[in-house]
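Trainee: I should like to look closely at one part of this structure, a helix and what lies around it. Please take me through it step by step, and then show me what else deserves attention.

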Amino acid sequence: MMKRIVVALGGNAILTDDPTAAGQAKALEKTAQQLVKFVQAGYQLVVTHGNGPQVGNLLLQQEAGSSNKNPAMPLDTVGSMTQGEIGLWLSNALNKELNQLGLTDKRVATIMTRTEVDPADPAFSNPTKPIGPFYNHAEAEQIKAANPTWTLAEDAGRGYRRVVASPKPINILESQEIEKLVDDNTILIAGGGGGVPVIQKDGVYIGSEAVIDKDFTSEKIAELIQADQLIILTAVDNIAINFGQATEKKLTTVTVAEMQQYVQENQFAKGSMLPKVIAAMDFVNATGKEAVVTGLDNIEALMAEHAGTHIVA
């Protein structure tokens, strides 16, 4: 039986100094070169990704050009737009790499994904999820003045970003469709940007002004489609404790119980590594299977040498 994996791409998979569509698409070609290694190894592959910078930029563009005849779209709609644009770039990049390797029989698809959230989730009264570009203090003050409904917060010493509600996913509405496509050996891009957050009200799904952390959505997808492994790709090859200190220690294989202790010790930054750690633990606790956190350029070592940080039951 083929190994089924869900691979969650970090922001470094798309980030580039060139913010044009061509520049971001080019960055994803390098990402596709790494992802295709899983396909060559015979894995069934589902790829998820973030979209924070793209959402933030599109919101700014809309604010600048909004009018009564051409109004800005709400955050849930903008989320679906960026699912589409990144899905386009990544699908094209994967097809290009597959064709160059002679794997022309492999199919790639992108599915617009809705993620159900609980309207009573306390996250709605405490916005914490950063989206969009970084601002220095002076720029942040200008952005607040121009957008009084926005909440901006300092982000891990790197500047200020807009923050919105980030509820936990309770269901993936397209999970059965995702599973059927993967059963058919389609390389699938799903859950982009954590999916479009929706709330069920009177039997109808309506969009929500929120952004779901893509790592939590990746976990929920992996759980629902019975993936064998959740792999979260980030900017480092291993999770570390005492990060940046003389006593820094890279973690290789670690149990959920050990990782929970590190969480209680506040070893992981809330805006970066902590969501990845919690999502990985959630997957292991829900399935008994393994989760991995490692770097995008460490995929070969992961498959050949068991590299990265492996979180186990």
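**A helix, a pocket and some turns**

Mentor: Just after α1, G42 takes a positive phi of about 90°. Please keep in mind throughout that this is a predicted model. Let us now go back into α1 itself, which runs over residues 21–40. How far apart are the end C-alpha atoms of α1? They are 28 Å apart, and this agrees with the expected span, because 20 residues at 1.5 Å a residue should also give 28 Å. The helix does bend, however: at A32 the angle is about 25°.

The next helix, α2 (52–65), can be checked in a similar way. It has 14 residues, and the distance from its first C-alpha to its last is 20 Å, close to the expected 20 Å. Which residues of α2 are buried? They are G52, Q54, V55, G56, L58, L59 and Q62. To read such a list, it helps to recall the geometry of a helix. An α-helix has 3.6 residues a turn, so residues three or four places apart point the same way. With that in mind, you may follow Q54, L58 and Q62 along α2 in the view, each of them buried.

Both helices also take part in the second largest pocket. This pocket holds about 310 Å³ of space. Its lining has 15 residues, and those closest to the centre are P19, Q24, P53, Q54 and N57. Three elements each give two or more residues to this lining, namely α1, α2 and α3 (75–100). Which element gives the most? It is α2, with five residues. Sorted by class, the lining consists of seven nonpolar, five polar and three charged residues. Q54 therefore appears twice in our account: it is among the residues closest to the centre of the pocket, and its relative accessible area is under 20%, which is why it counts as buried.

Let us return to positive phi values, with which we began. N185 has a phi near 65°, although it is not a glycine. This residue is found in the loop between α5 (175–183) and β9 (187–189). It counts as partly exposed because its relative accessible area is 33%, between the limits of 20% and 50%. A second asparagine, N266, also has a positive phi, near 60°. Its place is in the loop between α7 (256–264) and α8 (273–287). Is N266 buried or exposed? It is exposed, because its relative accessible area is 65% and the limit is over 50%.

Positive phi values are found in two hairpins as well. Strands β10 (residues 196–201) and β11 (residues 204–207) pair in the antiparallel sense over four bridges, and V198 stands opposite G207. Two residues lie between these strands, and D202 in the turn has a positive phi of about 55°. In the other hairpin, β6 (residues 151–154) and β7 (residues 160–164) are antiparallel, with four bridges. There T151 stands opposite V163. Five residues lie between the strands, and A156 takes a positive phi near 50°.

Finally, consider T110 in strand β3 (residues 108–110). T110 and A190 are 80 residues apart in sequence, yet their C-alpha atoms are 6.0 Å apart in space. T110 is partly exposed, with a relative accessible area of 36%.

Technical notes: Residues are numbered from 1 along each chain as its sequence is written. This is a predicted model: local features need pLDDT of at least 70, side-chain atom pairs count only at pLDDT 80 or more; totals for chains, interfaces and linings use all residues. Side-chain values use heavy atoms; hydrogens and water are left out. On a 1 Å grid over the protein atoms alone, a cavity is a set of points where a 1.4 Å probe fits but cannot get out, and a pocket is an open set with protein on both sides within 12 Å along at least five of seven lines; lining residues have an atom within 4 Å of a point. Grid points are joined across faces, edges and corners, and a volume is the space filled by probe spheres set on the points. Ala, Val, Leu, Ile, Met, Phe, Trp, Tyr, Cys and Pro count as nonpolar, Asp, Glu, Lys and Arg as charged, and the others, Gly among them, as polar. Buried means under 20% relative accessible area, exposed over 50%, partly exposed in between (1.4 Å probe, protein chains only). Two strands pair if DSSP finds at least two bridges between them. The expected span of a helix is 1.5 Å times one less than its number of residues. The bend at a residue is the angle between axes fitted to the seven residues ending there and the seven starting there.
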